[in-house]
Amino acid sequence: MRSPRQIAALALLLVLAAVAAYAVLADRNAHPAAHGAPTGSPPSALPSATGSAANGTSWIVSGSTLDGLVAADPATAELLDTPDAYVLTGDAHWSVPDGWRSTPTASFTSYAALESAFARNSLDPRIRAVLYDNEHWSLTPQGEQADPAHYDQLAADLVHRHHLLFIAAPATDLVDRLSPQTPSGGKFDAFLRLGLLGQVARSADLLDLQAQGAENDPTLFASFVKAATAQARAANPRLKVLAGISTNPSGAKTSATAIDRAARAVRPEVDGFWLNDPAHSPACDACAGPFPQVALRALRDLD
């Protein structure tokens, strides 16, 4: 039988072991990057955006596209009345119908503009996610185009500090800035070789693959989306991945059948789609839409 002194010593050892275990756990939670977790991950208070291709379809849709869908067919448009639908909107024109559960999302084409919006406290308080759409165009500063992974990381860190979800959407045309000698037909392969998606994925909650330019070539579309998804999920297995589809990719009107054929080829790999139905605008001089009936059928077929 142990003496009272031995029992007390044993109890003290057990207490010390418990304290040490708690300290290790606290350190892992406070410093996830030091233990192999993705950096820039969102605060635990955020709604989960963890992806799985086995779940229901997730969507990104612009406010103007949603307005057109609601006007053309309110019943079908209600498929977007879900937290898994990220509606690009803002206080200037709030496009989420009253009572809908869609996730209001602010969209920025420049990290500088995003930083300014937070500094001025001008973001609508109803916003729950932020999308950074960096492309090779006049709307994204040249410096941001030249180092997209760095600015995606800055954007993710800033968005997460404000307890919002971060959606990365680096465009494939960044190849024109980063690898200008790439032939026009090799843009998608060159984009994959850059390894940008793996870098961006580490700190993103959702990633959109701007693949809509390959939509009318189902083989190229599927090949790119599958390889891009694999690259991104290798860096962040929890990432939700969406693929871009469009009613008029590169300004050429397409059919709902063509959209459906391309999208279904990758549906097992991705969590959903960014449904583009763009009209002519300063941001898209070649765009020829909107074509809401085509977009509605794609929404019905793929949801």
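Threonine 89 is a buried residue, with a relative accessible area of 12%, and it sits in the loop between strand 2 (85-88) and strand 3 (103-108). Keep in mind that this is a predicted model. Beyond that loop, the chain holds 8 salt bridges and 4 aromatic pairs, and a handful of them are picked out below.

**Around threonine 89**

- A polar atom of the threonine 89 side chain lies 2.8 Å from the backbone nitrogen of serine 95.
- Setting aside neighbours within four places in sequence, threonine 89 is in contact with Trp94, Ser95, Val96, Pro104, Thr105, Ala106 and Ile127.
- One of those contacts, Trp94, has company of its own: arginine 126 lies over the face of tryptophan 94, at 3.7 Å from the ring centre.

**Salt bridges**

- As background, side chains of opposite charge can pair when their charged atoms come close.
- Arginine 300 and aspartate 73 join their side chains in a salt bridge, at 3.5 Å from N to O. Arginine 300 belongs to helix 12 (residues 292-302) and aspartate 73 to the loop between helix 2 (63-72) and helix 3 (74-77), so this pair ties together parts that are 227 residues apart in sequence.
- Arginine 300 is partly exposed, with a relative accessible area of 42%, and aspartate 73 is partly exposed too, at 21%.
- Aspartate 271 and arginine 233 form another salt bridge, their closest N and O atoms being 2.5 Å apart. That pair links distant parts of the chain, with aspartate 271 in the loop between helix 11 (256-264) and strand 8 (272-276), arginine 233 in helix 10 (residues 218-235), and the two positions 38 residues apart.
- Aspartate 271 has a relative accessible area of 1%, so it counts as buried.
- Arginine 264 and aspartate 260 also form a salt bridge, with 2.8 Å between the closest N and O atoms. Here both partners lie in helix 11, 4 residues apart, or about one turn of the helix.
- Within this pair, arginine 264 counts as partly exposed at 47% relative accessibility, whereas aspartate 260 is buried at 16%.

**Aromatic pairs**

- Of the 4 aromatic pairs found in the whole structure, one brings together tryptophan 59 and phenylalanine 273: the ring centres are 6.1 Å apart and the planes sit at 45°, so the pair is tilted.
- Tryptophan 59 is in strand 1 (residues 58-62) and phenylalanine 273 in strand 8, so the pair ties together parts that are 214 residues apart in sequence.
- Tryptophan 59 counts as buried at 0% relative accessibility, and phenylalanine 273 counts as buried at 0% as well.
- Phenylalanine 191 and phenylalanine 224 make a tilted pair, because their ring centres are 6.2 Å apart and their planes are at 55°. This one links distant parts of the chain, from helix 8 (residues 187-194) for phenylalanine 191 to helix 10 for phenylalanine 224, 33 residues apart.
- Phenylalanine 191 is buried, with a relative accessible area of 1%, and phenylalanine 224 is buried at 2%.
- Phe191 and Phe224 form one aromatic cluster together with Phe188.

**Alanine 156**

- Alanine 156 is part of helix 6 (residues 148-161) and, at 0% relative accessibility, counts as buried.
- Not counting residues up to four places away in sequence, alanine 156 touches Phe166 and Ser203.
- From C-alpha to C-alpha, alanine 156 and tyrosine 132 are 8.8 Å apart in space, and they are 24 residues apart in sequence.

Definitions and conventions: Residues numbered from 1 in each chain as written. Predicted model: local features only at pLDDT ≥ 70, side-chain atom pairs only at ≥ 80, totals over all residues. Heavy atoms only, no water. Buried < 20%, exposed > 50% of the residue type's maximum accessible area, 1.4 Å probe, protein only. Contact = heavy atoms within 4.5 Å. Polar contact = N/O pair within 3.5 Å; in protein donor to acceptor, adjacent residues only side chain to side chain. Salt bridge = Lys/Arg side-chain N within 4 Å of Asp/Glu carboxyl O. Phe/Tyr/Trp six-rings, centres within 6.5 Å; stacked < 30°, edge-to-face > 60°. Lys NZ or Arg CZ within 6 Å of the ring centre and 35° of its normal.
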